Structures are given as C-alpha cells and as structure tokens.
Amino acid sequence: MNETPADSDLIDHVGWRLWQAAAAWKARFAAEMVAAGHGWYGEARANMIPLLDRAGTRQADLVRRAGLSKQAVQQLVDELERDGVIARQPDPDDRRGRIVVFTAAGLRALADANTVKRRIEADYRAQLGDAAFAALCDALLRLAPDA
C-alpha cells in the first residue's frame, strides 16, 4: 500500500482538542486537590474515585469499570485504603466478595472535589461567557449521551 505523506501526518481534529481540554481540566483539578491536602489525587489511584458509587461498589465491578486487571485494581484500592479514603466491607450478597465504600475522610475529599469543580467551572464560564459555556455543556452531553 502506497501511503502519501499527507495520509500519515498528524491532523488537528476534534478528538485531539477534546483530549487536550480534558487533560488540562484533569491536571488543574488534581493540582488543586493536592493543594487542598489530598496528595493522592495527583497519583494513579485517584482514577478509581469516579468509578466508586457513593453507596459503595463491589470490587469486582471496579475491575470491570476500570478496564484493568484484578491485580492492578487491587493495588490501587489497597493504596486508597492505606490513605484512609476508602474501606472494604463484606458483600452481603457474596460471602467471598467485598464492597468498597468511602470513609469519612473520603467523603470530605469528595466535598473538597465539588468545591474545586465549581471553581474550575466558574473560571470556564468567565472565560467563555454564559452562552458559550452553556452551549459547550450541551454539545458535550449530546456527544456522550450515555456517559
């Protein structure tokens, strides 16, 4: 197959722009959470937090949601547990299973996270203006309706 140079060049595309915007948001969010005293938010284990239901999540479901190996999830959950962010409880529906729940410290981190998210959102709204910010949010919802 003959490939012309133009076919292999990197192009500017919406996926790249979305990735850049998401990466910038995540970096700012993590930095502000670390500054708020949640140092673990700057590390890989923080990626487990959005996967946890507020009422608790079976560890097996975390493996499925994360798309990682059981061992990798186990390590991340172990680290969050050591930090006092989450705890494991027996699964009432499965004698061998465990439910991962937030501790009081974990719930405080979630409250701090909401404060940081509101601050970032207010900055975005100020930068874009109310109408453009609302249009952005609407467009993102339409692009990922099941997210």
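**View 1. Arg58 of β1 and its bridge partner in β3.** In this predicted model, Arg58 has Ile99 of β3 as its bridge partner. β1 and β3 run antiparallel and are joined by two bridges. On the β2 side, Gln89 also has Ile99 as its bridge partner in β3. Ile99 is thus named in a bridge with Arg58 and in a bridge with Gln89.

**View 2. The three-stranded sheet.** The strands form an open sheet in the order β1-β3-β2, with antiparallel pairing. β1 (57–58) and β2 (86–91) are the edge strands, each pairing on one side only. Strands of a sheet pair through backbone hydrogen bonds, in either the parallel or the antiparallel sense. Here β2 and β3 (residues 94–102) are antiparallel and pair over six bridges, while two bridges join β1 to β3.

**View 3. The hairpin between β2 and β3.** Two residues make up the connection of the hairpin that joins β2 to β3. Asp91 has Asp94 as its bridge partner in β3. Elsewhere along this pair of strands, Arg88 stands opposite Val100 of β3, and Gln89 has Ile99 as its bridge partner.

**View 4. Helix α4 across the sheet.** Helix α4 (residues 70–82) lies across β2 and β3. The helix runs at about 115 degrees to β2. α4 is also among the elements that cover the buried residues of α3.

**View 5. The buried face of α3.** Helix α3 spans residues 59–66, and Gln59, Leu62 and Val63 are buried in it. Seen down the helix axis, the buried residues of α3 fall within an arc of 100 degrees, so they line one face of the helix. An α-helix has 3.6 residues a turn, so residues three or four places apart point the same way. The cover over the buried residues of α3 includes β1, α4, β2 and β3. Just after α3, Gly67 takes a positive phi of about 70 degrees.

**View 6. Helix α2 and its buried residues.** Helix α2 covers residues 14–35, and its 22 residues should span 32 Å at 1.5 Å a residue; the end C-alpha atoms are 31 Å apart, which agrees. Phe29, Ala30, Glu32 and Met33 are buried in α2. Down the axis of α2, the buried residues fall within an arc of 165 degrees, so they line one face of the helix. Part of what covers these residues is α5 (104–128). Just after α2, Gly37 has a positive phi of about 105 degrees.

**View 7. Helix α5 between its packing partners.** Which elements do the buried residues of α5 pack against? They pack against α2 and β3. The buried residues of α5 are Gly106, Ala109, Leu110, Ala113, Val116 and Ile120. With 25 residues, α5 should span 36 Å at 1.5 Å a residue, and its end C-alpha atoms are 36 Å apart, which agrees. Just after α5, Gly129 takes a positive phi of about 90 degrees.

**View 8. The whole chain, for orientation.** The protein chain holds six helices and three strands, which follow the pattern α-α-β-α-α-β-β-α-α along the sequence. The C-alpha atoms fill a box of roughly 55 × 50 × 30 Å along the principal axes. The radius of gyration is 19 Å, whereas a compact globule of 147 residues would have one near 15 Å. Buried residues make up 26% of the 147 residues. Of the contacts between residues at least 6 apart in sequence, 46% join residues at least 24 apart.

Definitions and conventions. Residues are numbered from 1 along each chain as its sequence is written. This is a predicted model: local features need pLDDT of at least 70, side-chain atom pairs count only at pLDDT 80 or more; totals for chains, interfaces and linings use all residues. Side-chain values use heavy atoms; hydrogens and water are left out. Helices (H or I, at least four residues) and strands (E, at least two) are DSSP runs, numbered from the N terminus. The expected span of a helix is 1.5 Å times one less than its number of residues. Buried means under 20% relative accessible area, exposed over 50%, partly exposed in between (1.4 Å probe, protein chains only). The arc is that of the directions from the helix axis to the C-beta atoms. Contact means heavy atoms within 4.5 Å. Two strands pair if DSSP finds at least two bridges between them. Axes are lines fitted to C-alpha atoms, for helices over the stretch in contact, and angles run from 0 to 180 degrees between N-to-C directions. The radius of gyration is taken over C-alpha atoms; the globule rule is 2.2 Å times the number of residues to the power 0.38.
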